[in-house]
Amino acid sequence: MAFKSTFFAPLSVILTVAALFAEGVQAAGEVNLYSARKEALIKPLLDRFTEQTGITVNLVTGGADALLKRLQSEGRNSPADLLITTDAGRLYRAREAGVTQPVVTEALRQAVPEAYREPDGHWYGLSLRARPIFYAKARVSAEELSSYEGLADPKWAGRICIRSSGNIYNQSLVASMIAHQGEAKSEQWALGLVKNFARSPKGGDRDQIKAAAAGECDIAVANTYYYGGMISGKDEAERQAAEKVAVFWPNQSGRGTHVNVSGAALTAHARNRDNAVKLMEFLVQPESQSWYAEVNYEYPVREGVAWSALLQQWGRFKSDNLNLSELGKYNSQAVMIMDRAGWK
Amino acid sequence: MEVAVPPGIETERKHRPGFWETGVLLSALLLALPVVVVFSFVFVPAGDVWRHLVETVLADYLSNSVLLVSGVAIGVLLLGIPTAWATTVYDFPGRRLFEWALLLPLAIPAYIIAYTYTGLLDISGPIQGLLRSLFGWSVGEYRFPDVRSLGGAVMMLSLVLYPYVYMMSRASFLGQSLSMLEAGRVLGAGPWRLFFTITLPLARPAVVTGLSLALMETLADYGTVQYFGIATFTTGIFRTWFGLNDSAAAAQLAALLMSFVFVLILLEQHSRRRLRFFQTSGRYRHLPRHKLSGYRKWTVLLLCLLPLTFGFLIPAGQLLVWAFSIAEETLDQRFFFLVGHTLLLAVSAALITLMLALFLGYGRRLFPFRRVGFAIRLSAMGYAIPGTVIAVGVMLPFAWLDNRIDDWMRHLFGISTGLMFSGTLFILLFAYAVRFLAVSLQSVESGLARVTPNMDDAARSLGYSPAKVLMKIHLPIMRSALFSALLLVFVDVLKELPATLILRPFNFNTLAVRAYELASDERLADSSVAALTIVAVGVIPVVLLSRAVSRSGERDAVPT
């Protein structure tokens with residue numbers, strides 16, 4: 001039929017082009033990476049790895065949940081060798097879904113402290129992300145602050161900014177509370193905290209810090225790398241806002257400040273296993289470790305790596321050494337608690 | 001004019017599906033696959049989580065979604081119809097410019113406009129800062145409307161979605177003939193009365209089409225509502241799926257959302273059933289333009305300037321400022337790859353979707369049976385479904401198929417075929433087709449509706465096959481409608497994010513992915529170069545689109 005051939009000829013051309021783009025995934029000297037770390041926050045390291053080893057790194061970035069779903073549905077034919085996420089909860093979920101495999105090497109075990117890796121080696125943390133409290137220097141003094149628990153105190157009524165409960169770092173924070181003190185206490189705390197909100201949660205972490213600087217609230221909870229990005233960025237308004245707030249490390253007399261990791265897991269059907277392990281080891285080498293701090297103000301997971309000047313300026317702190325698998329375990333419960341507490 | 005029965009060539013109910021009809025049904029069902037996959041989860045028990053949702057957040061999701069959709073409906077109608085009317089029948093300074101410029105907001109992704117306005121209007125932004133320093137106010141002493149609210153989301157979405165209504169109603173106004181208005185005038189109706197009793201009712205199918213596109217896009221929006229912290233069905237689906245880790249409950253929420261959409265679509269179809277107008281008079285003349293003067297001129301000018309300024313000039317200006325003053329993006333080779341990938345995807349997806357829409361739309365005309373109509377409606381629902389849900393709905397069946405084929409080939413021949421469909425660009429293009437079929441289909445169907453059934457009948461009785469009728473008669477007449485379909489999908493793919501993010505192959509980024517990665521990392525300013533490029537690339541087809549619309553009135557209607 002003339003009609004069909006005229007109309008489907010372009011289609012076949014397009015599909016051929018598509019096939020061309022997909023080729024070359026299985027050649028030697030490669031490693032394939034599904035990464036929830038954004039391209040800008042991982043590619044430079046990968047380029048350095050390729051330079052040193054000659055191994056090409058193929059990259060797809062995306063949301064951790066979506067990448068995990070893709071990995072699951074692709075099954076044993078998945079091209080991915082490594083999965084990188086930006087929080088421990090998703091690594092836990094990947095392990096539960098059976099898409100990872102354990103890997104134990106001397107280099108990895110020595111580099112990554114026990115709390116920041118899966119006991120059997122299903123995943124390893126690469127960098128730490130701390131979630132402290134920020135306070136407006138003009139209206140709050142550090143002495144008034146103590147712990148996350150303290151934020152539920154009625155004295156903070158209408159003074160706290162924190163983003164939505166849809167955000168994974170808030171979910172992880174509440175999950176860590178559940179792990180430490182059980183569900184009932186955590187729910188009490190969430191109820192008290194929600195009562196103290198200055199506004200219905202909106203925006204990202206930077207927005208909370210900006211709101212505290214502008215006076216809409218006095219306290220913000222945010223990850224430090226956003227703060228670092230504001231201080232060192234080119235945006236004058238953001239820099240001024242960041243200068244009006246200071247970091248407070250909560251729970252120093254107790255369990256320590258809540259931290260999360262970005263981490264990597266070897267996939268169950270990795271075809272380039274050796275290259276993938278090489279890449280994992282490369283990512284926890286001291287030089288790579290200090291890169292996270294220089295570029296994105298994250299803390300090295302490896303001990304003994306020098307901190308950048310900015311990180312040092314914020315001070316040393318004691319971090320929560322809860323094994324981060326627990327964050328994944330309690331994630332659903334945390335979301336339910338936040339729903340019940342009316343945390344939007 | 002005659003009010004015709006639906007164009008039917010085959011009127012016998014009993015006939016057995018032939019080659020064409022089977023093809024149409026099969027393609028429609030294939031495109032409905034993701035919808036079917038999502039619906040298949042309805043039967044998976046999700047007791048606890050579902051009860052939790054009902055007890056805590058479901059009411060919020062429902063009321064916010066309903067308010068958002070109603071608000072956007074009012075917004076796009078108020079912005080779209082008067083501007084379309086004004087640029088069609090009045091002559092005022094800048095009219096020629098407005099004709100195409102009013103479509104420009106279409107080139108701006110909704111989440112980007114949300115980011116730019118937040119940057120401008122937020123408590124720490126320049127506007128409030130200026131007010132504070134001008135009047136010596138301090139925070140808390142004055143009230144300033146919060147852009148990150150339900151009302152703000154309604155405004156953001158209305159500003160970028162009204163062009164659908166504008167475009168469709170303008171095409172319809174242009175296609176209306178003078179003879180009807182003259183008849184009205186002879187009967188003594190004034191201009192307002194003419195508008196409300198003749199012009200608007202005649203344009204209703206077109207207005208409803210534009211409106212339904214805008215509303216479906218609203219329901220599928222994730223970026224804006226998520227950033228504004230509004231709990232809607234879309235954010236609820238994500239939260240249930242990822243936060244509560246319950247894909248069954250999430251799919252059930254999605255199914256509930258789709259049921260609403262389906263009811264809406266049926267209502268729309270029903271309301272349009274009796275409304276088919278065919279211009280059969282050969283004495284076709286354009287509506288005359290009325291030259292405006294005095295305060296009327298300025299009012300109309302202002303009316304058109306409003307959506308253009310707030311929907312395009314301000315956000316694009318903010319992006320420009322960011323791009324020049326702050327962004328670290330450099331226009332290196334990698335950036336050109338981004339543009340190349342984006343164009344490749346947008347062009348291929350637009351072509352594929354158009355072919356599918358033409359096949360289905362014409363099939364529906366040939367076989368006006370309920371089963372065909374139903375299958376096609378089902379396949380066009382993708383536009384109202386969040387991209388991520390579509391992506392997963394596409395990924396699951398194709399990855400399954402790939403793995404089955406692979407197993408079989410390994411077993412029989414000892415070779416591995418890998419992920420033939422789900423590992424290539426095929427799956428991404430398929431997802432786009434599912435997502436944007438509705439857009440293409442609406443244009444194609446409105447184009448087809450302008451060809452009177454008499455012409456089909458005449459051509460068929462002269463011995464043309466259905467395919468030949470399409471090629472020789474319909475396609476030439478529908479040229480500008482087809483062009484609009486292509487351009488609309490092109491612009492939509494340019495802006496598309498969630499499906500691209502999940503389904504793209506290795507080392508394959510697009511402009512939207514780049515803009516989103518930086519913006520979601522809260523580096524709004526850094527994302528501005530990619531965002532601005534999306535807008536710039538999108539402006540070209542938008543201008544072409546407006547020319548197609550302008551011409552459609554003349555060209556499409558004349559041959560009758």
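The paragraphs below lead through a predicted model of a complex, from the confidence of the prediction to chain A, its parts and its contact with chain B.

For the complex as a whole, the predictor reports an ipTM of 0.79 together with a pTM of 0.84. In chain B the mean pLDDT is 83, with 90% of the residues at 70 or more. Confidence in this chain is highest in helix α4 of chain B, residues 58-89, where the mean is 93, and it is lowest in strand β1 of chain B, residues 2-3, where the mean is 40. That strand belongs to the part of the sequence where caution is needed, since pLDDT stays under 50 over residues 1-13 of chain B, a stretch for which the model has 20 contacts beyond four places in sequence. A second such stretch is residues 555-560 of chain B, where the pLDDT is below 50 and the model shows 15 contacts beyond near neighbours in sequence.

Turning to chain A, the model contains 14 helices and 11 strands. The radius of gyration of chain A is 22 Å, close to the 20 Å that the globule rule gives for 344 residues, and the chain is therefore as compact as a globular protein of that length. Along the principal axes, the C-alpha atoms of chain A fill a box of roughly 75 × 55 × 45 Å. Of its 344 residues, 55% count as buried. Among the contacts in chain A between residues at least 6 apart in sequence, 78% join residues that are at least 24 apart.

Chain A is divided into two domains, each made of two segments: domain 1 takes residues 28-129 and 260-312, while domain 2 takes residues 131-258 and 324-341. The C-alpha centres of domain 1 and domain 2 of chain A lie 27 Å apart, and the contact between these domains takes 16 residues from domain 1 and 18 residues from domain 2. On the domain 1 side, the elements that give two or more residues are α4 (88-96) and β10 (259-267) of chain A, and the largest share, five residues, comes from α4(A). By residue type, this side of domain 1 of chain A divides into eight nonpolar, three polar and five charged residues.

Chain A also holds an open sheet of four strands, in the order β7-β8-β6-β9, with mixed pairing. Strands β7 and β9 of chain A stand at the edges with a single partner strand each, so one side of each is left without a neighbour in the sheet. Within the sheet, β6(A) and β8(A) run antiparallel and are joined by three bridges; in β8(A), A220(A) is the bridge partner of F134(A).

The strands of this sheet are also among the neighbours of helix α7(A). How many of the residues of α7(A) are buried? The count is 10 of 10, so the helix is largely enclosed by the rest of the structure. The buried residues include the charged-type side chains of D205(A), R206(A), D207(A) and K210(A), as well as I209(A) and the run A211(A), A212(A), A213(A) and A214(A). They pack against β6 (133-136), β7 (160-161), β8 (219-221), α8, α9 and β9 (245-248) of chain A. After α7(A) comes G215(A), whose phi is positive, near 100 degrees.

Helix α8, one of the elements against which α7(A) packs, holds G229(A). With 21 other C-beta atoms within 10 Å, where 20 or more are required, G229(A) counts as buried. The C-alpha atoms of G229(A) and R239(A), which are 10 residues apart along the chain, are separated by 8.9 Å. Leaving aside neighbours within four places in sequence, G229(A) is in contact with Y297(A) and also with R523(B), a residue of the other chain.

That last contact leads to the interface, where 61 residues of chain A are in contact with 56 residues of chain B. On the chain A side, the elements that give two or more residues are α1 (2-22), β2 (56-61), α3 (64-74), α7 (205-214), α8 (224-232), α9 (236-243) and α14 (331-341). Of these, α1(A) gives the most, with 10 residues. The residues of chain A that touch chain B divide into 26 nonpolar, 18 polar and 17 charged.

How values were computed. Residues are numbered from 1 along each chain as its sequence is written. Chains are lettered from A and ligands numbered from 1 in the order in which they are written. This is a predicted model: local features need pLDDT of at least 70, side-chain atom pairs count only at pLDDT 80 or more; totals for chains, interfaces and linings use all residues. Two residues are in contact if their C-beta atoms, placed from the backbone, lie within 7 Å. pLDDT is the predictor's confidence in each residue, from 0 to 100. A residue is buried if 20 or more other C-beta atoms lie within 10 Å of its own, exposed if 12 or fewer, and partly exposed in between; C-beta atoms are placed from the backbone. Domain bounds come from an automatic or database domain assignment. The radius of gyration is taken over C-alpha atoms; the globule rule is 2.2 Å times the number of residues to the power 0.38. Two strands pair if DSSP finds at least two bridges between them.
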